[in-house]
Amino acid sequence: MNPPPPVLHAERLTKRYGRRTALADCDLSVPRGHVVGLVGPNGAGKSTLLQLVCGLIAPTSGTLSVLGSPPAADAAHLARVGFVAQDTPVYASLTVAEHLRMGSWLNPSWDAALARRRITEAGLDPRQRAGRLSGGQRAQLALTLAAAKRPDLVVLDEPAAALDPLARRDFLRGLAGFVRELGATAVLSSHLLGDVAQVCDHLVVLCAGRVQVAGPVADLLAAHHRIDDPATAPAGAEVVWAEPGRVVVRGPAVRGGAPVPLEELALAYLSRAAHRPSAAVTR
Amino acid sequence: MIRFTLRQFRLPALAGVVLLALAGAGLLRLGADVRAVPDPARLPDRYAQTMLFLAGGFALVPALLGAFWGAPLVARELETGTHRLVWNQSVPRGRWLTVKLAVTGLAAALVAGLLSAALTWAAAPVDRAAGDRFSTVLFGARGVAPIGYAVFALVLGAVTGLLLRRTLPAMALVFLVVVAAQLAVPNLLRPHYLPPERVTVPMTAEAVNRARNLGSITGGPVVGGLDVPGAWVTDISPLRTADGRQLSDAAFGACFRDPPRTGATGTFGDTAVCLGALDLHVDLAYQPNRRFWPFQWIELALHLGAAGLLAVLGRWRLRRRAG
């Protein structure tokens, strides 16, 4: 039997807006069952990539398959992908309850019990108009709408951006929990490395429209080390980023090498990309 | 999707129902007043102005529907970002647009149909007496044609909103375009739906005096406002001499400015006598009144067809929309 197709598979995926290239020759493959963190600075192309995944926009060139078909291929495919857009748009004049009703009308796979439970847990009043919700409550409503479709893939574009640090921590913990509960794959973008380090087990670092590094968090952590002097890097190891007192190398275990926290690892690649925009892409 | 469309459409629909009820009550009253006039022969004189005024106001209904119901339909979603929410429900975008257009289009057709039915009923005795419901202005405020205008305007509004992505500019543009279409269709398209009948009218002094106006602003030999009984006159040729050529501006000008004095009465006095002596004629093109209903259906089909094409364009644009 063939293994199930990857959740996301992109080959030379490119998106240009006029002359501006938002995403360039992006190759990416994400297996099922992970919480994938997509990190990068503002303007790195994170939203572009996620909107391509949801079929909100079409690629300029290259191919992208989501759960084995083109993005937003048909109604059945739409039902399998839940999307929480940046700034978590909701209908300001509709109440929370009416949003849930919309979900049940527009999604055959709607799980009304799950939706009601999540709304209660988040402390939302069903009679409240969505326009009067706080940023955090709106994010909860948007996440509930995406979750109650019971999707195989949940895509979240900066879902925690509008939240204060405490609410953000709670939101991300809840997110990780319910992704496990759904048995789904989640892709979540953030410009905050800390958010991602907290919940993700698969990392994609995006900068200047290119994938800088991608892989399971455990593998990445095992493959990267911090050493004091780039000159002591062993043969076969690649220096990702070197600055006084902080050198990150990728390669076989190094004597005297210390483990690199995930945040620092991502930062090393972002720093490299910022200094050498044409740097070779590592996978 | 239909239920959700109805829910989103609740407020605009409510506003529409209130205005429709007010207009309906007014038209019922007008119909009662018209029927209370004992002598039908006096109706045209008494109500001609009212009917023109109502038809003019009626012409704004599609423009209002297009601007207030059509333009916000998609543009509002794009403006508030809710398209990113609703397009990720399990309803493909093309179907989403089709259902939205179908539901609101039906509502627009209903509004226009009810208004037209009320006005057609209220005006029926006047129309019977005057026999002019085929005329350029009144035609668009009778029968089934207004349904076509309304559906066309609504779809135009929605698609314009989709292309412009901003509600207010779309509303303004749609209003202007629909009003322009309401002027262009009767004057440029409608006369040609079926080949017109033609007749040559000798321009005796008497015939000249029946015209409404004489001479163009540049002094050209034209007459305006000639009638053919039981028909809608769509074209009047310039004054022609017996050999079929157009009367020269000089000859026309001579009669117009400095005709021999005969003491004749009539609208154009000595000028009419002077022209009448030249053995002139005009060629008229007209559509007989029995074509009123064929023309109504053609006009309806034309507008529904245009609406359908616009809807296809909208779906196509939505599918390959970027950003």
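In this predicted model, chain B is built from 12 helices and five strands. Taken along the principal axes, its C-alpha atoms fill a box of roughly 85 × 50 × 30 Å. The radius of gyration of chain B is 25 Å, whereas a compact globule of 323 residues would come in near 20 Å. Some 39% of those 323 residues count as buried. As for how the chain folds back on itself, take the contacts between residues at least 6 apart in sequence: 79% of them in chain B join residues at least 24 apart.

Chain A has its own mix, with nine helices and 13 strands. The C-alpha trace of chain A spans about 65 × 45 × 40 Å along its principal axes. Its radius of gyration is 20 Å, which agrees with the value near 19 Å that a compact globule of 283 residues would have. Of the 283 residues in chain A, 47% count as buried. Contacts between residues at least 6 apart in sequence were tallied here too, and 69% of those in chain A link residues at least 24 apart.

The two chains also touch. On one side of the meeting are 18 residues of chain B, and on the other 22 residues of chain A. Looking at the chain B side, the elements that supply two or more residues are α1 (2-8) and α5 (83-86). Helix α1(B) gives the largest share of that side, with three residues. By class, the chain B side is made up of seven nonpolar, seven polar and four charged residues.

Back inside chain B, helix α8 is a good place to look at packing. This helix runs over residues 167-189, and its buried residues are T167(B), A170(B), M171(B), L173(B), V174(B), F175(B), V178(B), A181(B), Q182(B) and P186(B). Some of that spacing recalls a general point: an α-helix has 3.6 residues a turn, so residues three or four places apart point the same way. What lies over the buried residues of α8(B)? The cover includes α4 (60-80) and α7 (145-164), both of chain B.

A pair of packed helices is described by the angle between their axes and the distance between the axes. For α4(B) and α8(B), the angle is about 150° and the axes are 8 Å apart. The two helices are therefore roughly antiparallel to each other, since angles over 145 degrees count that way. The crossing in which α4(B) passes α8(B) is right-handed. On the α4(B) side, the contact is made by P62(B), A63(B), G66(B), A67(B), G70(B), A71(B), P72(B), A75(B), R76(B) and E79(B). Facing them from α8(B) are T167(B), A170(B), M171(B), V174(B), F175(B), V178(B) and V179(B). Sorted by class, this contact holds 12 nonpolar, three polar and two charged residues.

Helix α4(B) packs against α7(B) as well. Here the axes come within 7 Å and cross at roughly 35°, and the crossing is right-handed. The contact of α4(B) with α7(B) involves 20 nonpolar and five polar residues, with no charged ones.

One strand residue of chain B gives a more local view. A285(B) sits in strand β5 (residues 281-288). Leaving aside residues up to four places away in sequence, A285(B) touches P196(B), R198(B), T234(B) and D235(B). Is A285(B) buried, exposed or partly exposed? A285(B) has 19 other C-beta atoms within 10 Å, so A285(B) counts as partly exposed; being buried would take 20 or more. H303(B) lies 18 residues from A285(B) along the chain, and the C-alpha atoms of the two are separated by 24 Å.

Finally, the backbone of chain A has a couple of spots worth a look. Most residues other than glycine have a negative phi. R12(A), however, has a positive phi, near 45°. R12(A) belongs to strand β1 (residues 8-17) of chain A, and with 13 other C-beta atoms within 10 Å it is partly exposed. A208(A) also has a positive phi, near 50°. Where is A208(A) placed? A208(A) is in the loop between β8 (202-207) and β9 (210-216) of chain A. With 19 other C-beta atoms within 10 Å, A208(A) is partly exposed.

Conventions. Residues are numbered from 1 along each chain as its sequence is written. Chains are lettered from A and ligands numbered from 1 in the order in which they are written. This is a predicted model: local features need pLDDT of at least 70, side-chain atom pairs count only at pLDDT 80 or more; totals for chains, interfaces and linings use all residues. Helices (H or I, at least four residues) and strands (E, at least two) are DSSP runs, numbered from the N terminus. The radius of gyration is taken over C-alpha atoms; the globule rule is 2.2 Å times the number of residues to the power 0.38. A residue is buried if 20 or more other C-beta atoms lie within 10 Å of its own, exposed if 12 or fewer, and partly exposed in between; C-beta atoms are placed from the backbone. Two residues are in contact if their C-beta atoms, placed from the backbone, lie within 7 Å. Axes are lines fitted to C-alpha atoms, for helices over the stretch in contact, and angles run from 0 to 180 degrees between N-to-C directions. Angles under 35 degrees count as roughly parallel, over 145 as roughly antiparallel, 65 to 115 as roughly perpendicular and the rest as oblique. A crossing is left-handed if the near helix is turned anticlockwise from the far one by less than a right angle, and right-handed if clockwise. Ala, Val, Leu, Ile, Met, Phe, Trp, Tyr, Cys and Pro count as nonpolar, Asp, Glu, Lys and Arg as charged, and the others, Gly among them, as polar.
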